[in-house]
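Visitor: I would like a close look at one part of this model, the place where the ligand is held. Please stay with that part before moving to any other space.

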Amino acid sequence: MKMILINASPRKNGNTAQLLKSAQKGALEAGAETEYVDLFDLTFTGCRSCLACKRKGMKRCHCYWKDDLSPLLDRIFEADALVIGCPVYFGDITASLQALLERLQFCCMSYDDYSNYFTGHVKTGVILTMNAPESMYEAWYREAFTKRLRGLGYLNGGTQILPSCDTLQVDDYSKYNMGSFNESHKKRVHQTEFPRDLEKAYSFGKQLVSE
Ligand SMILES: Cc1cc2nc3c(=O)[nH]c(=O)nc-3n(C[C@H](O)[C@H](O)[C@H](O)COP(=O)(O)O)c2cc1C
């Protein structure tokens with residue numbers, strides 16, 4: 001069982017990375033072989049519309065653009081499980097994850113009949129982190145992100161989402177103009193809820209391997 005974990009946050013030790021590393025520990029505990037990738041270390045763009053993946057006689061489910069992302073896409077198609085960690089940016093996924101999804105989806109999608117060329121199965125989990133409290137996640141984001149991440153359906157393995165809400169964005173709010181956040185509330189959530197989210201992430205990683 002091979003699991004790829006992708007950090008789609010620019011912060012290498014932020015909330016998203018910590019949760020992903022916990023999921024990785026769970027997956028390792030369950031016996032998986034894992035690969036952890038910081039997406040922001042890679043140089044790539046979204047789909048360049050070269051259409052090489054649609055040329056007659058070309059191998060399918062392969063992105064032909066030569067950059068750092070294409071080999072990662074190849075490894076995703078060969079993996080058994082994929083866990084993506086992503087902070088919410090403006091109610092959406094990060095631009096880097098959007099670029100990855102464009103490339104992944106486009107090389108799977110047939111332009112003859114819009115069917116899926118990919119016949120394998122990659123179980124997929126997404127860890128979303130956000131400033132929004134849980135009530136806002138439930139009211140605004142849960143359904144929106146379920147739709148937003150539909151492109152991962154091309155991997156045929158189902159997509160589960162684990163949210164981590166009300167995250168601590170900076171250690172010392174007094175150094176920033178971030179007056180819309182209540183520092184003592186943020187710190188309390190970080191001390192009480194975030195450790196639980198780390199445990200949930202551990203189980204999330206373990207369960208994706210064991211299922
Ligand atoms: C550019 C930017 C936009 C953001 N937009 C939102 C947002 O729309 N909703 C939200 O709940 N949090 C938003 N956040 C907060 C992050 O999602 C949150 O702090 C997240 O946990 C950061 O993850 P990280 O520590 O792994 O970088 C935004 C943060 C940044 C930097």
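Which residue has a polar backbone atom 3.1 Å from an oxygen atom of the ligand?

Guide: That residue is Asn131, whose polar backbone atom lies 3.1 Å from a ligand oxygen. The model is predicted, so local features need pLDDT of at least 70 and side-chain atom pairs pLDDT 80 or more, while totals for chains, interfaces and linings use all residues. Residues are numbered from 1 along each chain as its sequence is written, and side-chain values use heavy atoms, without hydrogens or water.

Gly91 also offers a polar backbone atom, 2.8 Å from an oxygen of the ligand. Ser9 uses its side chain instead: an N or O atom there is 2.9 Å from a ligand oxygen. On its own the ligand has 640 Å² of accessible area (Shrake-Rupley method, 1.4 Å probe), and the protein covers 82% of that area.

There are 17 residues around the ligand (a heavy atom within 4 Å). Arg11, Thr16, Val88, Gly91 and Thr167 come nearest. By class, this shell has seven nonpolar, nine polar and one charged residue. Here Ala, Val, Leu, Ile, Met, Phe, Trp, Tyr, Cys and Pro count as nonpolar, Asp, Glu, Lys and Arg as charged, and the others, Gly among them, as polar.

The space that the ligand takes is the largest pocket, with more than half of the atoms within 2 Å of its grid points as the test. On a 1 Å grid over the protein atoms alone, a pocket is an open set of points with protein on both sides within 12 Å along at least five of seven lines, whereas in a cavity a 1.4 Å probe fits but cannot get out; lining residues have an atom within 4 Å of a point. About 330 Å³ of space lies in the largest pocket, counted as the space filled by probe spheres set on the points.

The lining of this pocket has 20 residues, and Pro87, Val88, Tyr89, Thr167 and Gln169 lie nearest the centre. Helix 1 (15-29) and helix 4 (134-148) are the elements that give two or more residues to the lining; a helix here is a DSSP run (H or I) of at least four residues. Helix 1 has the largest share, three residues. The lining divides into ten nonpolar, nine polar and one charged residue.

A second space can be set beside this one. The second largest pocket has a volume of about 200 Å³. Of the 13 residues lining the second largest pocket, Glu134, Pro163, Cys165, Asp197 and Lys200 are the closest to its centre. The lining of the second largest pocket holds five nonpolar, one polar and seven charged residues.

The structure also holds one cavity of 30 Å³ or more. The largest cavity has a volume of about 100 Å³, and its lining residues include Cys47, Trp65 and Phe106.

Note on methods
A polar contact is a pair of N or O atoms within 3.5 Å; within protein, one must be able to donate a hydrogen and the other to accept it, and residues adjacent in sequence count only if both atoms are side-chain atoms.
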